[in-house]
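Please open the model in your viewer and keep the sequence panel beside it. The tour below proposes one selection after another and says what is to be found at each.

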Amino acid sequence: MRYGRSRRPSRDYAPKPVEMGSEYDVEIQETSRRGEGIARIKGLVIFVPETKPGDKVRVRITRISRRFAQGEVVGEAEEKAEEAEEEEEEPEEEEAAEEE
């Protein structure tokens, strides 16, 4: 008979969608109880100090835990490449319609 702490099978936590030191463009969605901005990357909560809902910022991940990560603001979020491409394509389509 064995006494003491039981040995549970270790939980296999899924890999996080962020990496330590990497930078991501995020939009702050809400505010935490401590006043930090909250963003999400593929469901993982990211706490970002000195931000408010609606801010679009670039953050660097400074800490990763099981259920959340923390980041710091390193600048404004860049315009998405897809949006820029769509804006460039629209004038070309208009010009083609005018030529006909």
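Begin by selecting Glu 23, Asp 25, Arg 58, Arg 60, Glu 72 and Glu 78, which are linked in a network of salt bridges. Bear in mind from this point on that the model is a predicted one. The structure holds 8 salt bridges, and a good one to show first is that between the side chains of Arg 58 and Asp 25, with 3.2 Å from N to O. Arg 58 belongs to strand E5 and Asp 25 to strand E1, so this pair ties together parts that are 33 residues apart in sequence. Colour Asp 25 by accessibility and its value is 37%, which counts as partly exposed.

**The strands beneath the network**

Now switch to a cartoon view and show strands E1 and E5, which run antiparallel and are joined by 5 bridges. Within this pairing, select Glu 23 and look across to E5, where its bridge partner is Arg 60; both residues are also members of the salt-bridge network with which the tour began.

Extend the selection to the whole chain, which has 1 helix and 6 strands, arranged from the N terminus on as β-β-β-β-β-β-α. In what order do the 6 strands lie in the sheet? Reading across the open sheet, the order is E1-E5-E6-E4-E3-E2, and the pairing is mixed. Strand E1 (23-27) and strand E2 (30-31) stand at the edges, and because each has a single partner strand, one side of each is left without a neighbour in the sheet.

**Around strand E6**

Select residues 56-64 and 68-76 next, that is, strands E5 and E6. E5 and E6 pair in the antiparallel sense over 7 bridges, and a hairpin of 3 residues joins E5 to E6. Add E4 (residues 44-48), and the other kind of pairing comes into view, since E4 and E6 are parallel to each other over 3 bridges. To place this pairing residue by residue, pick Ile 46, which stands opposite Ala 69 in E6.

Stay in strand E6 and centre the view on Gln 70, which is the bridge partner of Arg 63. Setting aside residues up to four places away in sequence, Gln 70 touches Arg 34, Phe 47, Arg 60, Ile 61, Thr 62 and Arg 63. If you draw a distance from the C-alpha of Gln 70 to that of Val 59, the value is 9.1 Å, for two residues that are 11 apart in sequence.

**The nonpolar core**

Hide the charged side chains and select Val 18, Val 26, Ile 28, Ala 39, Ile 41, Leu 44, Ile 46, Val 48, Val 57, Val 59, Ile 61 and Ala 69, the 12 residues of the largest nonpolar core. Strand E3 (37-41), E4 and E5 each supply at least two residues of this core. The facing residues Ile 46 and Ala 69 are both among its members.

Within the core, zoom in on Leu 44 and display its surroundings. Apart from its neighbours within four places in sequence, Leu 44 is in contact with Lys 16, Pro 17, Val 18, Ala 39, Arg 67, Phe 68 and Ala 69.

**From E2 towards E4**

Move to the loop between E2 and E3, where Ser 32 is found. Is Ser 32 buried or exposed? Its relative accessible area is 14%, and because buried means under 20%, Ser 32 is buried. Not counting residues up to four places away in sequence, Ser 32 touches Ile 38 and Phe 47, and Phe 47 is also one of the residues that Gln 70 touches.

Then select Arg 34 and Glu 36, which form a salt bridge with their closest N and O atoms 2.8 Å apart. The two partners differ in accessibility: Arg 34 is exposed, with a relative accessible area of 62%, whereas Glu 36 counts as buried at 14%. A further salt bridge to display is that of Lys 52 and Asp 55, whose side chains meet at 3.6 Å, N to O; Lys 52 counts as exposed at 53% relative accessibility.

**The chain as a whole**

Finally, zoom out and show the surface. The accessible surface of the chain comes to about 8,600 Å², of which 43% belongs to carbon and sulfur atoms, and buried residues make up 22% of the 100 residues. Among contacts between residues at least 6 apart in sequence, 42% join residues at least 24 apart.

Technical notes. Residues numbered from 1 in each chain as written. Predicted model: local features only at pLDDT ≥ 70, side-chain atom pairs only at ≥ 80, totals over all residues. Heavy atoms only, no water. Pairing = 2+ DSSP bridges. Helix = DSSP H or I, 4+ residues; strand = E, 2+ residues; numbered from the N terminus. Salt bridge = Lys/Arg side-chain N within 4 Å of Asp/Glu carboxyl O. Buried < 20%, exposed > 50% of the residue type's maximum accessible area, 1.4 Å probe, protein only. Contact = heavy atoms within 4.5 Å. Core = buried A, V, L, I, M, F, W, Y, C linked by side-chain atoms within 4.5 Å. Areas by Shrake-Rupley, 256 points an atom, 1.4 Å probe, with all protein chains shown as cover.
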